[in-house]
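Me: I'm new to reading protein models and would love a close look at one part of this one. Could you take me through the sheet step by step?

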Amino acid sequence: MITVKALQLGFGEGSQYQQVLHDVGFSVGEGEAFGLVGESGSGKSTVLRCLAGLYSHWHGEMTIGGRALGHKLTRERCRLMQMVFQDPYGSLHPRHTVDAALMEPLVIHRMDRQHERVSQMLVKVGLNESFRHRYPHQLSGGQRQRVAIARALILEPRILLLDEPTSALDVSVQAEILNLLAELRARDGLTYILVTHDLGVVVHLCDRLAVMQQGRIVDTLASSALGNGGVTNPYTRTLVDAT
Ligand code: ADP
Ligand code: MG
């Protein structure tokens, strides 16, 4: 469903120029959960940001359902694909209530049944009406991430791009959010691309994964291979040993 081919991106000018993505390529099937793992600075978030349409100066080719993604963030792309950040404040405004956060995309996209869609979405992510008028600072970390997930899903996208969605949370809350993400995917047949440095998260949630190192994909494997010692790439082995 999603293909990324020869994706390249750099930042800076002249002698300051730094190539961050070198020839990144992978494909993700419809309904699949695909993990991108690798050490900090390897370029994982940058790949997601390219897909999400947050950068426009990349080279290469990205397609969804056979259609090429352009360099602009279109309404259609927003409807198809949404991103969840490590820090829920990446998508929640500190002075907007939960209600406002969930209503905004519905208003922008002129969706019908707005109040009803918000109610249904709150239930879907394990919250209820009593949260509608709270501000982000009146929520726990886990509740805040639930609201960020609700906002990402309110336009009913087919694809969720998840950038370290549990890394900022307490360990007990991490499990709750991972279970919620697994549940949502099972129920709605969503496709996930999940970035993490935590292999436990990948084993829990992903079907396959790619390992990134210095802006390149150095290995692609089934996440079941992580559990049974079938991993041959030395870099992957250190990642496995580290958990
Ligand atoms: P990861 O998510 O794997 O930790 P990132 O994709 O965030 O890595 O970053 C990869 C590299 O690109 C890092 O060296 C980072 O400093 C650099 N980088 C990321 N975003 C920018 C930016 N907007 N401007 C300049 N350099 C950036
Ligand atoms: Mg990152």
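To start with one detail: which residue is the bridge partner of F34 in β9?

Reply: Happy to help! Keep in mind that this is a predicted model. The residue you are after is R208: it is the partner that F34 has in β9.

Let's follow that pair of strands a little further. Strand β3 covers residues 33–38 and strand β9 covers residues 208–213; the two run parallel and are joined by five bridges. Another of these partnerships links V37 with V211 in β9.

Now look at what comes after β9. Strand β10 runs antiparallel to β9, with six bridges between them. So β9 has a parallel link to β3 and an antiparallel link to β10, and this fits the mixed pairing of the sheet. In the β9 and β10 pair, Q213 stands opposite R216 of β10. The two strands make a hairpin with two residues between them, and in that turn Q214 has a positive phi of about 45°.

With those strands in place, we can step back to the whole sheet. It is an open sheet of six strands, in the order β6-β7-β8-β3-β9-β10. Why do β6 and β10 each have one side without a neighbour in the sheet? They stand at the edges: β6 (81–84) and β10 (216–222) each have a single partner strand, so one side is left free of a neighbour. On average, neighbouring strands here are turned by 20° against each other, if you ignore their direction.

A helix belongs in this picture too. Helix α5, residues 141–153, packs on the sheet and touches β6 and β7 (159–163). The direction of α5 makes about 170° with that of β6.

A useful idea to carry along as you look at the strands: in a regular strand, side chains alternate between the two faces of the sheet.

Finally, return to β3 and look at its last residue, number 38. G38 is one of the residues around ligand 1, and the others include F11, V20, S40, G41 and K44. Helix α1 (residues 44–52) gives the most to this shell, with three residues. By class, the shell has two nonpolar, seven polar and one charged residues.

To retrace the route on your screen, begin at F34 and R208, go on to V37 and V211, then pass through the hairpin at Q214 to R216 in β10. After that, find α5 where it packs on the sheet.

How values were computed:
Residues numbered from 1 in each chain as written. Chains lettered and ligands numbered in written order. Predicted model: local features only at pLDDT ≥ 70, side-chain atom pairs only at ≥ 80, totals over all residues. Pairing = 2+ DSSP bridges. Helix = DSSP H or I, 4+ residues; strand = E, 2+ residues; numbered from the N terminus. Axes fitted to C-alpha atoms, helices over the stretch in contact; angles between N-to-C directions. Contact = placed C-beta atoms within 7 Å. Near = placed C-beta within 6 Å. Nonpolar A, V, L, I, M, F, W, Y, C, P; charged D, E, K, R; others polar.
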